[in-house]
Structure formats: structure tokens, C-alpha cells
Amino acid sequence: MSPAPVTPPPAQKDSSQVRQKAMIARHFDRLAAAPETGARSAYTFVPGNLTELLLSFDVLPVLPEINALQSAMRGKTAEYIAMAEKLGHSEDVCTYVKSDIGMMKSGNVGPTGQRLPTPDLLLLSYTGCFTFMKWFELLREEYHSPVAMLHVPYQADGRITEAMRTYVVDQLKTAVIPKLEEITGRNYDEDRLKALLARSAQAEDDLVWVLQSAKHVPSPIDAYFGAVYYVGPIFSAFRGTEDAVQYYRELREEIAERMREGKGPVTPDGEMDRERFRVVVEGPPNWTSFRQFWKMFADEGAVAVASTYSKVGGVYDLGFRHDPDRPLETLAEYCLGCYTNLNLPTRIDLLTRYVTEYRADGFLINSVKSCNSFSAGQLHILREVEARSGRPGGFIESDLVDPRYFSAANIKNRLESYFQMLDQKRLGAAS
Amino acid sequence: MTPDPRLSNLVQRADALFRDQALSAVSEWKTRTGGLAVGFLPIYVPRELLHAQGVLPVGLMGGRPDLEIIKGDAYYQSYICHLPRSTIELGLNGSYDALDGLIFPAICDVIRNLSGMWQMLFPHVLVHYLDVPQNFDPAIGGAFYRRDLEMLARALEARGARPLTDDALRQSIALYNENRRLVRDLYALRRREPWKVPTAELYVVLRAALLLPVEEATPLFAEYLELAESDESRRPQDQARVLVAGSFCEQPPLALIKTLERSGCYIVDDDFVQVHRFIRSDIPLDGDPLQRLVEAFLTDAVASPTRYIADGVKGAELEQRLAESGAEGVLFCAPSFCDPALLDQPMAVRAAERAGVPWTAFKYAENSGQFQVIREQAGTFADSIKLWSGV
Ligand code: SF4
Ligand code: SF4
């Protein structure tokens, strides 16, 4: 589960977008050159990623979830998934996994058209999703790479206990760091890690500012579709880098400017001129028809003012920041705090809070077939958030990267009826 | 040779318990003893700990096919397995009212999320998410698991259970050791003479035991073992020996198991009701009993798809089970939409292929009603095995 940038969509490119594109290109260039340069790479997941730790060893992160969603945006996943299913992978399971397997079997060509290196390590940050474990067991059989398992306990009672933190820190010390030392031949360098973590916190401050700018009316950003681009660097290979710090500073300045000018978000069709509906969105987007899906909102003047998907790689708006003074503890808390590692009551509280604090007219759940971690329980979430916030919820179903499960007409219909209903409520309230 | 009526009586008794979705046996036990009863979802919880505190552990495995789902479907989309909706249904229709709590072992995202729903839907009962470790170093994963068990013990105590003591826990471990030994014996007998232990029958006995205190479950197993072993009316038939894999959580309808047997298969190993066999051997009675319980989980548990296989070859245990059971084929039989089973399957298939054992796969839901396709598939599979084994 992971947001990521591909080619930023808006017509006119802000300098932050140009920077992000260049960062991504450089990263994939480095990955493509790894067999020659000897650079090490680790495959890992977005929730609970240990980017700073990897970078402190100069290990390049590869995020298979991001590759899968980018493959979807490039129209490749139908073929990849079909290939995986032909190889015996069930039609019922997460399509990210099948897309990844299909991509690997097709030569492991990544989103930039360059070949991805064989991983030197599979860093199994096992947080928020059980599929992760099976995914890397499957990859281990293919790549024969070593695996570092980091089991992150679930926040079943809505809090992080000392025992959980200790458990994760102990694993970092005994299972993860030694593996990184082994594959790189270098020693753990805590000072370097601290410097990276300090930069992470800086970027996180700016990201939170950007996400919270949506409290403004009209919102200068779309905090679901647009946020996918904003969270890309911090959720993936760049957290802790100077590039990320610069990117988020620029982004913040750009959004502040939009806000001053009273502008709405940029959508696939350009700037939105009138904000008609403010909605909170739960669940990941569909990637195979991403722009079409976004347009269905934009055409109605609907702006996502907050989303949970933009928190899968860290719920920074609740206050968490990477803390350079407690390097391993802070990494543990980060892993423990990702959105899908929160229990259902906490998810419901968070959504309700978003609806109220962002003055939303309602909230929408996009329930994806692939993902039990997100989806199992969403109908319960729907009812609870409706009851607590007093705002109407809508429910649509699609999938992440399997085009067979994006029924455009059906989804459009549902969205139109939902927005009509919001309109009527508003009229009712006004009369 | 006539069938032994005591055997059919025993199976009938077990069957009545198996059908007891409203857990009346549990209510009776509570009235009789005044103890707490705590349910647990698949696959495994250390029942010894509950027992040592005077708590009745009650194994819940979803609903039977005849359970009418009225409310449960409103909680789950169509692409989620069936077990959580029947569990919710049974909770909401009062069938689980006798339970003072529920334990949700960490086996998949569905059960995990269900634990949070349970907290909200049934705020008066104990809800414990048993976050079993995926790190098997005693000093790390072991320490974490131990703390989790201590927390569970304290939570039970807060609800009125006895405090956990070493002596009581040691005694409980001894009782469950004996219980597991009998289950191993039953499985061994079925491997040797599968005609004596039809799986549909064994299954019902294993399910019945989930509702009984260990002091009653063990004699039930012992009696069944003795009667089945000595029943000479059961004669071998020309059936294919198969291992059924993947049904460790949501269970297939009993009729499906019967269908497999009728279509020419002897099930010589399976994943059904796995809590009885999750720990493979006796837990030592010396030393610190809680630590022994922890170590058993770390080092002696079955290689479930829900468990990270850190060392060794993935699928090696399946190969070993195939060798030990003499299975001539594998039926991958998983619940629809079951992530752990279905994501694991390609690796399990490779293991079967390494072992040179043919396989076939199908899916079910606990409320499936039609088995025509499965009957034909299993029948053809069994026929092909018999054909080739004769060559
Ligand atoms: S199941 Fe969900 S969280 Fe897990 S890999 Fe798939 S999409 Fe991501
Ligand atoms: S059947 Fe599978 S997916 Fe469903 S609750 Fe059980 S383990 Fe989870």
C-alpha cells in the first residue's frame, strides 16, 4: 500500500514537481547502474519503511508496492496479473503481489523503463499487513536473497506499549542492522542515522503543514489524489535526504502561495474554480484509472480535504516526528504508528476527527478488493463515522491495480448520487 | 462383522456438540463450575494458560452452513472470507453470550481487524489480541510473547479468574500434553488404517472437543481411539491417500469432507482444527512452565502459512508430512479469499512438486452447499492416482 509519484499530472509544473521528477529519475538511474557500480539495494515496504537506516548504509530502497502502482498507471498490470495467475497465484489475493511477480517474470523493468537490480536484501518490515510476509516469502524463492524480518506488533488496544517498542528495537539491533552490515560490509553509523532522522523531521513538518492547509476554505490542495504526489518522496526512498527537505520546503511555499491567492487544487483538468463539496476519503485509490477516478470527483467540484491513504507511510499529522536523539526507538515508533497498524476504533476516531476538523460535507470509502488490511471492517467504519460525525458516508468498491475491478460507469453513478445527496442535505439544511 | 454401536453413539454425542452453535455446553459448564469461559479464534492459543486460571477455553471456528446470516453480511464486502461474518452473526444473535471474552490470535488482517470491531460491538467482554511473535529468538520474540501472555493472565484475573501460578500451569500443561498425545495417536492410526478413522468422523470429534474442558476432551479422544482401532467391521477400500492442505481457519462444511471421502479419497493428513496439533510434541514439565509454553510456540509449532519461516526451506514441513503420511496426492483446499492460505499456495505447490506428489486445488466457503464440481474434481484426481499407482 503506497502512494507514489509518477509523472505529476497538472498541466503547469511547479518547481517542486520538477524537483520530484528529477529525484525519482536519479534514484532509478542509480538502481539501474547498481550491477556496475556495486551499489546495494533492499526491497522493502512503504508502511514501516526504514529508509533512513538503509540510507545510512548507502543501501538503495526499492518499494515493490510503488512499482506495482506505477505499473498500473502505465497500463501494464493486466498483463502482469494474468501472468501471475497463470503461474498459480490465486485470483483472490492482493494484486500488488501479482503485479510484482508478473513484472519480475517479465524482466523486472521498473517504472522508468530501466531494469531493477536483484535485491541484496529483502527487508520485511512486517507492519500493518499480513500479505507483506507472504509477498517476501514468495520473492525469496525467486531471488534467493537474504531476508531481514522486522515484526512490528499491532496497536490492538490503540496504544504503543513499552514492550512493543522494546521488541522492535531489539529486532533492529539483532536482526536488521547485522544483515545490513553483512550485505554492505560496513558498520552501523549512528551519527549518520541521526543526521538523516533530523532531516526527516524537517520534511515531516512541512508535509504536515501542506496536508493541513486543506482546513482552509477553499482548500488549496486535494488531500487524496493530489496528496499521492506529495507523500511520494517521504513515503519512499527519500526520507532523510536533503532532496526531500528541499522538496517539502518548496511544496509548502507553493501551497502557501495558492492559499494566499484563494486558489483551489490543481486537478487533471487544471485548476478547480469552485469547491462544491469537501470530503474525507478512506482507502487507497484505484491506480489503473487514477485520472479518470480523480476526474469523477473534480467534475463535481468535490475536493478531498483529508484522507487516510496519505497516512499509510506515517500519521505525521497526529504529531509523530522522527527524533534524532532516539534513533532506534523513533524508528520503532514510526513502524508501530502507520495507519494500517492502528486498530479499527482508532481508525474510526481519526476519520471522525478529520470530518469535523476539516469541515467536510461527508466522507467516502473506496474499498479495494485486494486489501484486507484496509477493507475488512470498512462497512463498520462507515456506520460508526456516520453516527459520530453526523455526516453522510458513501461507499464504492474497486481495486488497486487490477483493471477488471474498476467499473467506471458504476462508480461514476454512485459518486453522482452521493454528491446529489450531499447537495440535497445542504439545501435541506439551508431551508 | 457388525459395526460397534458404542462408536456410533460416541460420534453422535460429538456431533451434537459440533452442532451446538449456541454453546449450550459452555453455559452448562459455567453454571456447574462458576468459571469464566473465553472463546478463541483459529488457529492457536495456549489453552494451558486459560485452564490454569480455571477458565474454559472455547474454540470458535465460524459458522455451520445452516447458520442463517442476517446481520453479518452487512459488515463485510463480498470479497472477504466467510468466517468473520458468521462470527459477527453468532455474536450479535446471542450465541456467544456465555463467553466472557474472546481471544484473536494474530493470523491475518481479517481476524486482526475483527478484534477492533469486537471491542466496539461487545464492550463488556474481554477482547485480547494475541500478537504471536514472528521473531523466534527466545530473548526477543520469546520475551515479547511472554509479556503478552502475562498481560492476558492479568486481564483474565481482573475478570475474576484465578491468578496464574506455576503449579497450576504445570498441571495444565500435563493435561494438554496427554490430550495432544491422543490426537497424535488418532492421526497416526488414520495414517496407518485410514478406513478405521474416517475423517468426517474424526473431524466431528475434534470439533466437539473445542467446547469441552480438557478433562472431558481427553477421555473422548481416548474412547474414540480405542473404539475406532478395534472396530474390525471397517475394512480397507481402494481409495487414494491424500493430504488436505489450507483449511486451517475457516472450515469446510462437513459435507465437503464427506464428499472428498466418497469420491475415493482417504484423507491421511490435514490442517483441520489445528489447535489440537499446533504444538507438535509434549511440552516439558520441568523448569518455568510459562517459559516452556513460550518455547513450545517458538520452536515446536507447525509450519503454518501464518507463521514466518525464518530458516530452512519453505514447504519442507509439507514434504515431510507427505513422506510420513504416505500421501499420494495433495488437495489444496482453502477458503475463498483466505490470504494466508492462498498466498502460501504457490510455495506449497512447489513443495508438493519437489516431493513428486500430484496435486489439485479448489476453494470453498464454510456455507458452500454445492459440491458437484469438487466431487468430480476430487474423484478424477483420486482415479488418476489409483491408475498411476498401479502401474
Ligand atoms: S494487502 Fe493491502 S497493505 Fe498489504 S500489500 Fe496488499 S495493498 Fe498493501
Ligand atoms: S479464513 Fe483466512 S482470511 Fe479469513 S479469517 Fe481465516 S485466516 Fe483470515
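**Exercise 1. Classify the residues of the shell around ligand 2 in this predicted model by nonpolar, polar and charged.**

Step 1. Set the classes. Ala, Val, Leu, Ile, Met, Phe, Trp, Tyr, Cys and Pro are nonpolar; Asp, Glu, Lys and Arg are charged; the others, Gly among them, are polar.

Step 2. List the shell. A residue belongs if one of its heavy atoms lies within 4 Å of the molecule. Around ligand 2 these are Cys81(B), Ile107(B), Cys108(B), Val110(B), Ile111(B), Cys249(B), Glu250(B), Phe337(B), Cys338(B), Asp339(B) and Pro340(B).

Step 3. Find the elements. Two or more residues each come from α5 (109–121) and α13 of chain B. Helices (H or I, at least four residues) and strands (E, at least two) are DSSP runs, numbered from the N terminus.

Result: the shell has nine nonpolar, no polar and two charged residues.

Ground rules for every exercise: residues are numbered from 1 along each chain as its sequence is written, while chains are lettered from A and ligands numbered from 1 in the order in which they are written. The model is predicted, so local features need pLDDT of at least 70, side-chain atom pairs count only at pLDDT 80 or more, and totals for chains, interfaces and linings use all residues; side-chain values use heavy atoms, with hydrogens and water left out.

**Exercise 2. Describe the largest pocket by volume, lining and class.**

Step 1. Define the space. On a 1 Å grid over the protein atoms alone, a pocket is an open set of points with protein on both sides within 12 Å along at least five of seven lines. In a cavity, a 1.4 Å probe fits but cannot get out. Lining residues have an atom within 4 Å of a point. Points are joined across faces, edges and corners, and a volume is the space filled by probe spheres set on them.

Step 2. Read the volume. The largest pocket holds about 910 Å³.

Step 3. Read the lining. It counts 42 residues, and Ala303(B), Arg307(B), Tyr308(B), Ile309(B) and Ala310(B) lie nearest the centre. Chain A gives two or more residues from each of β4 (147–151) and α7 (162–184); chain B does so from α11 (289–299), α12 (316–325) and α13 (339–354).

Step 4. Sort by class. The lining has 21 nonpolar, nine polar and 12 charged residues.

**Exercise 3. Which element gives the most to the lining of the second largest pocket?**

Step 1. The volume of this pocket is about 430 Å³.

Step 2. Its lining has 15 residues; nearest the centre are Arg191(B), Asp269(B), Arg280(B), Arg321(B) and Glu324(B).

Step 3. Elements with two or more lining residues are α7 (166–192), β6 (265–270) and α12 of chain B. The top contributor is α12(B), with five residues.

Step 4. By class, the lining holds three nonpolar, three polar and nine charged residues.

**Exercise 4. Where does the second largest cavity lie?**

Step 1. Count first. There are 11 cavities of 30 Å³ or more in the structure.

Step 2. The second largest cavity contains about 160 Å³. It is lined by 16 residues, with Phe18(B), Asp20(B), Leu23(B), Arg207(B) and Leu211(B) closest to its centre.

Step 3. Nine lining residues are nonpolar, four polar and three charged.

Step 4. Domain 1 (1–20 + 165–236) and domain 2 (35–164) of chain B both supply lining residues, so the cavity lies between them. Domain bounds come from an automatic or database domain assignment.

**Exercise 5. Is Arg359(A) buried or exposed, and which is Val273(B)?**

Step 1. Fix the cut-offs. Buried means under 20% relative accessible area, exposed over 50%, and partly exposed in between (1.4 Å probe, protein chains only).

Step 2. Arg359(A) sits in the loop between α13 (344–357) and β9 (362–368) of chain A. Its phi is positive, about 45°, although it is not a glycine. At 52%, Arg359(A) is exposed.

Step 3. Val273(B) sits in the loop between β6 and α11 of chain B. Phi of Val273(B) is also positive, near 40°. At 1%, Val273(B) is buried.

**Exercise 6. Locate two cis peptide bonds.**

Step 1. In chain A, take the bond from Val217(A) to Pro218(A), with omega near -5°. Pro218(A) is in the loop between α8 (190–212) and α9 (225–235).

Step 2. In chain B, take the bond from Pro42(B) to Ile43(B), with omega near 5°. Ile43(B) is in the loop between β1 (37–40) and α3 (47–52).
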